[in-house]
Amino acid sequence: MELPDFMPYSDRFSSKTFVEKISRIAKRAGSKLVYAALILYYTLQSDKVSVKDKAIIIAALGYLISPLDTIPDAFPILGLGDDMAVLIYVLKKVWGDVSDEVKQKAHEKLAKWFDTEEIEEINTLFDEE
């Protein structure tokens, strides 16, 4: 899958729309996508992340919450595939700046939406699909 140009979506990001979208699509999107999004969301709040990395995180999260992306989310599976590709791409770029505290916060939030078996899927987050 070719990675779409997600940078123009940075103006679509806001904390409120992110939380609304994740809450609405959590089960349909799956624990991997939600975990990746939460990691980026909580990393964005860190003062240890460069402005450049924050810009690409904002663009990726804006792409996720935008109803207008390469493959609209209304298409089951495929519609979230491009979102997942963007999130994983950015997550790999900033992974070295992701603290254990951020990972724990994301994991705790996952536990509110997913059962233990579904949460285990995050162990293969960076595996090629």
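Colleague: Let me start with handedness: is the crossing in which α1 passes α3 left-handed or right-handed?

Modeller: In this predicted model, α1 makes a left-handed crossing as it passes α3.

Colleague: Which residues make that contact?

Modeller: From α1 the contact takes T17, F18, K21, I22 and I25, and from α3 it takes L61, L64 and I65. Sorted by class, the contact of α1 with α3 has six nonpolar residues, one polar and one charged.

Colleague: At what angle do the axes of α1 and α3 cross, and why are the two helices called oblique?

Modeller: The general idea is to place the angle in a range: under 35 degrees is roughly parallel, 65 to 115 roughly perpendicular, over 145 roughly antiparallel, and the rest oblique. Here the axes of α1 and α3 (residues 51-65) cross at roughly 50 degrees and come within 10 Å. The two helices are therefore oblique to each other.

Colleague: Let's try the next pair. At what angle do α1 and α2 pack?

Modeller: α1 and α2 pack at about 160 degrees, and their axes are 9 Å apart. Since angles over 145 count as roughly antiparallel, α1 and α2 are roughly antiparallel to each other. Here, too, α1 passes its partner, α2, in a left-handed crossing.

Colleague: And which residues of α1 and α2 meet?

Modeller: On the α1 side they are S15, F18, V19, I22, I25, A26 and A29; on the α2 side they are L33, V34, A37, L38 and Y41. The classes in the contact of α1 with α2 come to eleven nonpolar, one polar and no charged residues.

Colleague: How many aromatic pairs does the structure hold?

Modeller: There are five aromatic pairs. One of them joins F18 and Y41, with 4.5 Å from centre to centre and 15 degrees between the planes. To read the geometry, remember that planes under 30 degrees apart count as stacked, and the F18 and Y41 pair is stacked. F18 belongs to α1 and Y41 to α2, so this pair ties together parts 23 residues apart in sequence.

Colleague: That leaves α2 and α3. At what angle do their axes cross?

Modeller: The axes of α2 and α3 cross at roughly 140 degrees and come within 10 Å. They are therefore oblique to each other, and α2 passes α3 in a left-handed crossing.

Colleague: What meets what between α2 and α3?

Modeller: L33, A37, L40, Y41, T43 and L44 of α2 meet K54, I57, I58, L61 and L64 of α3. By class, this contact of α2 with α3 has nine nonpolar residues, one polar and one charged.

Colleague: One last point: where in the chain is confidence lowest, and where is it highest?

Modeller: As a general guide, predicted coordinates should not be read in detail where pLDDT is low. Here the chain averages 85, and 86% of the residues score at least 70. Confidence is lowest in α1 (residues 15-29), with a mean of 83, and highest in α2 (residues 31-44), at 94.

Conventions:
Residues are numbered from 1 along each chain as its sequence is written. This is a predicted model: local features need pLDDT of at least 70, side-chain atom pairs count only at pLDDT 80 or more; totals for chains, interfaces and linings use all residues. Side-chain values use heavy atoms; hydrogens and water are left out. pLDDT is the predictor's confidence in each residue, from 0 to 100. Helices (H or I, at least four residues) and strands (E, at least two) are DSSP runs, numbered from the N terminus. Axes are lines fitted to C-alpha atoms, for helices over the stretch in contact, and angles run from 0 to 180 degrees between N-to-C directions. A crossing is left-handed if the near helix is turned anticlockwise from the far one by less than a right angle, and right-handed if clockwise. Contact means heavy atoms within 4.5 Å. Ala, Val, Leu, Ile, Met, Phe, Trp, Tyr, Cys and Pro count as nonpolar, Asp, Glu, Lys and Arg as charged, and the others, Gly among them, as polar. Rings of Phe, Tyr and Trp (its six-membered ring) pair if their centres lie within 6.5 Å; planes under 30 degrees apart count as stacked, over 60 as edge-to-face and the rest as tilted.
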